[in-house]
Amino acid sequence: MSLGNRKITVLGAGIAGLAVATALARQGADVVVLERADAIREVGAGLQISPNGVAVLRALGLVEALAARSGCARAVVLRDFRHGNRVLKLDLGRQAKDYFFVHRADLVDILARAARAAGVQIRLLHEVTRLDFDGTRPALITAQGARASSDIMIGADGLHSVVRAALNGAVAPGFTGQVAWRAVIPARGHVPAEAHIHMGPHRHLVHYPLRGGELINIVAVEEREAWVEEGWNRPGDPDRMRAVFADFGGEVPRLLEQVHSVNLWGLFRHPVAERWYRGSAAILGDAAHPTLPFMAQGANMALEDAWVLAAALTRHPEPEAAFAFYQAERRPRTQRIVEMASRNARNYHLSFPPLRVAAQTALRIGGMMAPGAALRRFDWLYDYDATLRYPAAS
Ligand SMILES: Cc1cc2nc3c(=O)[nH]c(=O)nc-3n(C[C@H](O)[C@H](O)[C@H](O)COP(=O)(O)OP(=O)(O)OC[C@H]3O[C@@H](n4cnc5c(N)ncnc54)[C@H](O)[C@@H]3O)c2cc1C
């Protein structure tokens, strides 16, 4: 079924919003995206796009553009913090060709171009403060007091979603006792296409190349008592970051020396939303299931959601039936991923030395005896192909 000129408003021009807008416009819908920022510009740092996310970008015809602006990942290397000694190398093997390290700004730009080419209107400087319901028909209220209503409303408005709050009420997230530092530095010389995770007591640090090895993305997580605000763009102090990771060896000191600007954000645990829709309004991406970064799946889940949501709307004439189908398909999987990401934080941070040595020895032996086994545990995650399960209507 084509969406024949149905009027759809999407709130948020992030990865979820732009992907769902593109998929819907290609099915004939008349789509407007409202975004509070004044431009779609260089914001954010590295994202990992795994085969489950790549499947959606391939179906949207965007993998060549992605490959041209990023690099394939070959392996993930776990290291002990003190001297950077290798604990385990996970070769991505057959999955490497569909596993990319990409700058968030590049992916957003690729999606924004695709959306505009499909006829989507992107309206900047539109901050929405509220979602109201007139019966089942939703309307967005902007900061200027304007009211935007349409046949279907999709909330892709991220972590602090006003649409999720309207569907579920406000739920206060819990501080995890962890903060994350994020920086991008220029690369010096050849950088292998690998993600390195340096695991220490109460801290870990991840780095990987971006833009085919021009840049290096660094994300470093520290456990602390003091609360730090949740948000992607809070500035941090590079010297404080160096002090926190001063006992990390291997290549970490050399990388941290080059950090001149850094962001710091508090990591909060949010429950996956109970209700993903009401009437003809629904949510997706971080608005539905904000996640901790430890499985690198935020953007991938957003892409999967976008595909399934668009497919549901093309199969079910009634939005409410489409959204019920969409929630039933997506909620269990995203909940499993979000829970796994929460558990992963603890695994990297074992602080009691005998426990850490035991865990690392087990990982080493496991890696020698069955190098593929560690990765096969994630087949359910990476082999999921939303586009095969729900082929696009022609
Ligand atoms: C500025 C920024 C930087 C990020 N940097 C990283 C990073 O470095 N690494 C990483 O792994 N992930 C990063 N993320 C998160 C990652 O992009 C998301 O987890 C994932 O892509 C899911 O995307 P989403 O589209 O659901 O949400 P988001 O990517 O958060 O997009 C939500 C969009 O909605 C807009 N919006 C929100 N509220 C309103 C409102 N009331 N009115 C109008 N517009 C609104 C936002 O401006 C944003 O463009 C970043 C997100 C943002 C917004």
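Here is a short walk through one strand with its two neighbours, and then a cavity elsewhere in the model.

This is a predicted model, so to speak of local features a pLDDT of at least 70 is needed, side-chain atom pairs count only at pLDDT 80 or more, and totals for chains, interfaces and linings use all residues. Residues are numbered from 1 along each chain as its sequence is written, and side-chain values use heavy atoms, with hydrogens and water left out.

Let's start at strand 12, residues 152-155 (strands are DSSP runs of E, at least two residues, and helices are runs of H or I, at least four, numbered from the N terminus). In a regular strand, side chains alternate between the two faces of the sheet. Here both faces are covered: Ile152 and Ile154 on one side, Met153 and Gly155 on the other, are all buried (under 20% relative accessible area with a 1.4 Å probe, protein chains only).

Strand 12 has parallel partners in strand 1 (residues 7-11), through 4 bridges, and in strand 20 (residues 281-283), through 3 bridges; pairing takes at least two DSSP bridges. Ile154 sits opposite Val10 and has Ala282 of strand 20 as a bridge partner.

Now for the cavity, meaning a set of points on a 1 Å grid over the protein atoms alone where a 1.4 Å probe fits but cannot get out. The count is 1 cavity of 30 Å³ or more, and the largest has a volume of about 40 Å³, taken as the space filled by probe spheres set on the points. Its lining residues, with an atom within 4 Å of a point, include Phe268, Arg269, Val338 and Ser342. Strand 18 (262-269) and helix 9 (319-348) each supply at least two lining residues.

Key
Buried means under 20% relative accessible area, exposed over 50%, partly exposed in between (1.4 Å probe, protein chains only). On a 1 Å grid over the protein atoms alone, a cavity is a set of points where a 1.4 Å probe fits but cannot get out, and a pocket is an open set with protein on both sides within 12 Å along at least five of seven lines; lining residues have an atom within 4 Å of a point.
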